[in-house]
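Please read the following report alongside the sequence and the coordinates. It deals in turn with overall make-up, packing, strand pairing and backbone geometry.

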Amino acid sequence: MKKHFIAGVLCGAFLMATTSVFASSVIEATIFPSQVTFFLANGLSKEVQLQEGEEVLNYNNKAYVPLRLFAESSGALVKYTQASPETDNKHKIDVHYVAEKALSEQTSNAAGNKPLEDSRELQLQDMLVISLLPHIQEKLAEVYADVITVPPVIHPGYVNVKSLERVAAFRGFDFLITIDAQPIVGPHIPVGEDELTYRISPAGVELKNFEHLRGPVKDDFLPNYQNLLK
């Protein structure tokens with residue numbers, strides 16, 4: 001396994017018991033290729049989608065995953081505050097777990113409002129989202145080029161279909177679809193939120209409307225990722 005040297009703070013979640021490792025010197029860890037799946041109390045399971053730069057690490061015979069990724073995959077919300085005199089010069093990480101009903105909804109769909117059970121409608125909707133990903137990626141790479149140094153990643157689980165309507169008469173193959181997209185970078189750091197409306201017809205896919213709703217927020221970025229902000 002390829003060895004990586006991680007300087008400063010290695011903040012991870014041990015798969016058997018949550019553990020934080022703090023080091024003032026260089027520590028040695030190895031990349032630990034893993035498939036991580038959360039089996040939740042609401043009967044759902046969720047396989048974690050690891051992005052580039054958020055590998056599972058093995059240190060001292062213990063496995064670590066990025067804290068934000070671990071927390072949000074198990075239904076929590078994470079807020080990071082940079083070290084300052086107000087925080088006793090320590091980085092402040094708050095992990096908020098929500099009520100059981102909200103947890104069930106959040107873990108079933110990170111972007112919100114999808115059904116908790118699979119269906120033919122949901123399968124078709126997800127296939128439609130996948131087919132639109134290249135168009136969404138291209139637009140958001142352009143939008144965020146002025147504020148971050150790398151193109152954001154659009155994961156299907158962070159895309160929510162808000163509305164879908166047939167423009168033409170019955171069986172007319174001309175549609176308008178409005179989606180809510182939440183792009184990420186690094187270890188699932190939220191970059192912002194955007195609403196896009198596409199027209200889909202035999203002529204192809206055309207972006208009809210775009211609205212940037214929020215982000216990026218500097219406090220959402222861990223210190224070693226703040227260099228991604230311009």
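The report below describes a predicted model.

## Overall make-up

The protein contains three helices and 15 strands, and of its 230 residues 39% are buried. Among the contacts with a separation of 6 or more, 52% are made by residues 24 or more positions apart. The accessible surface of the protein amounts to about 13,600 Å², and carbon and sulfur atoms account for 53% of that area.

## The nonpolar cores

In soluble globular proteins, nonpolar side chains tend to be buried together. In this model the largest nonpolar core has 22 residues, and the members that touch the most other members are Ile136, Val159, Ile179, Val185, Tyr198 and Phe221. At least two residues of this core come from each of α3 (120-143), β10 (159-166), β11 (175-181) and β14 (193-201), and α3 supplies the largest share, namely five residues.

Tyr198 illustrates how such a residue is surrounded: leaving aside residues up to four places away in sequence, Tyr198 touches Leu132, His135, Ile136, Lys139, Phe175, Leu176, Ile177, Ile179, Val205, Glu206, Leu207 and Lys208. Apart from this core there is a second, separate one of eight residues, including Phe38, Val56, Val65 and Leu69.

## The four-stranded sheet and its helix

Four strands build an open sheet with antiparallel pairing, and their order is β10-β11-β14-β15. The edges are occupied by β10 and β15 (204-214), each of which has a single partner strand, so one side of each lacks a neighbour in the sheet. From one strand to the next the twist averages 15°. Helix α3 packs on this sheet and touches β10, β11, β14 and β15, while the direction of α3 makes about 120° with that of β14.

Within the sheet, seven bridges connect β10 and β11 in the antiparallel sense; Val161 stands opposite Ile179 in β11, and Leu164 has Ile177 of β11 as its bridge partner. The pairing of β11 with β14 is likewise antiparallel and extends over seven bridges, with Tyr198 in β14 as the bridge partner of Ile177. Ile177 thus has bridge partners in Leu164 and in Tyr198. Strand β11 is largely enclosed by the rest of the structure, because five of its seven residues are buried.

## Strand β3 and its pairing with β6

How many residues of strand β3 are buried? Four of the five residues in β3 (residues 27-31) are buried, so this strand is largely enclosed by the rest of the structure. Strand β3 is joined by two bridges to strand β6 (residues 57-59), and the two strands run antiparallel. At this pairing, Ile31 stands opposite Leu57 in β6.

## The aromatic pair

The structure holds one aromatic pair. The ring centres of Tyr59 and Tyr64 lie 6.5 Å apart and the ring planes are at 55°, so the pair counts as tilted, a class that applies because the angle is neither under 30 degrees, as stacking requires, nor over 60, as an edge-to-face arrangement requires. The two residues are not alike in their exposure: Tyr59 is partly exposed, with a relative accessible area of 22%, whereas Tyr64 is buried, with a relative accessible area of 4%. The value for Tyr59 places it in the partly exposed class because buried means under 20% and exposed means over 50%.

## Backbone features

Most residues other than glycine have a negative phi, and most peptide bonds are trans. Against this background, Asn60, which is not a glycine, has a positive phi of about 60°. Asn60 lies in the loop between β6 and β7 (62-66) and counts as exposed, with a relative accessibility of 60%. Asp88 is not a glycine either and has a positive phi of about 60°; its place is in the loop between β8 (76-81) and β9 (92-97), and at 56% relative accessibility Asp88 counts as exposed.

Where does the cis peptide bond at Pro216 fall? The bond joins Gly215 and Pro216, with omega at about -5°, and Pro216 is placed in the segment after β15, a strand that stands at an edge of the four-stranded sheet.

Key: Residues are numbered from 1 along each chain as its sequence is written. This is a predicted model: local features need pLDDT of at least 70, side-chain atom pairs count only at pLDDT 80 or more; totals for chains, interfaces and linings use all residues. Side-chain values use heavy atoms; hydrogens and water are left out. Buried means under 20% relative accessible area, exposed over 50%, partly exposed in between (1.4 Å probe, protein chains only). Contact means heavy atoms within 4.5 Å. Accessible areas come from the Shrake-Rupley method with a 1.4 Å probe; for residues, only the protein chains shown count as cover. A nonpolar core is a set of buried Ala, Val, Leu, Ile, Met, Phe, Trp, Tyr and Cys residues joined through side-chain atoms within 4.5 Å. Two strands pair if DSSP finds at least two bridges between them. Axes are lines fitted to C-alpha atoms, for helices over the stretch in contact, and angles run from 0 to 180 degrees between N-to-C directions. Rings of Phe, Tyr and Trp (its six-membered ring) pair if their centres lie within 6.5 Å; planes under 30 degrees apart count as stacked, over 60 as edge-to-face and the rest as tilted.
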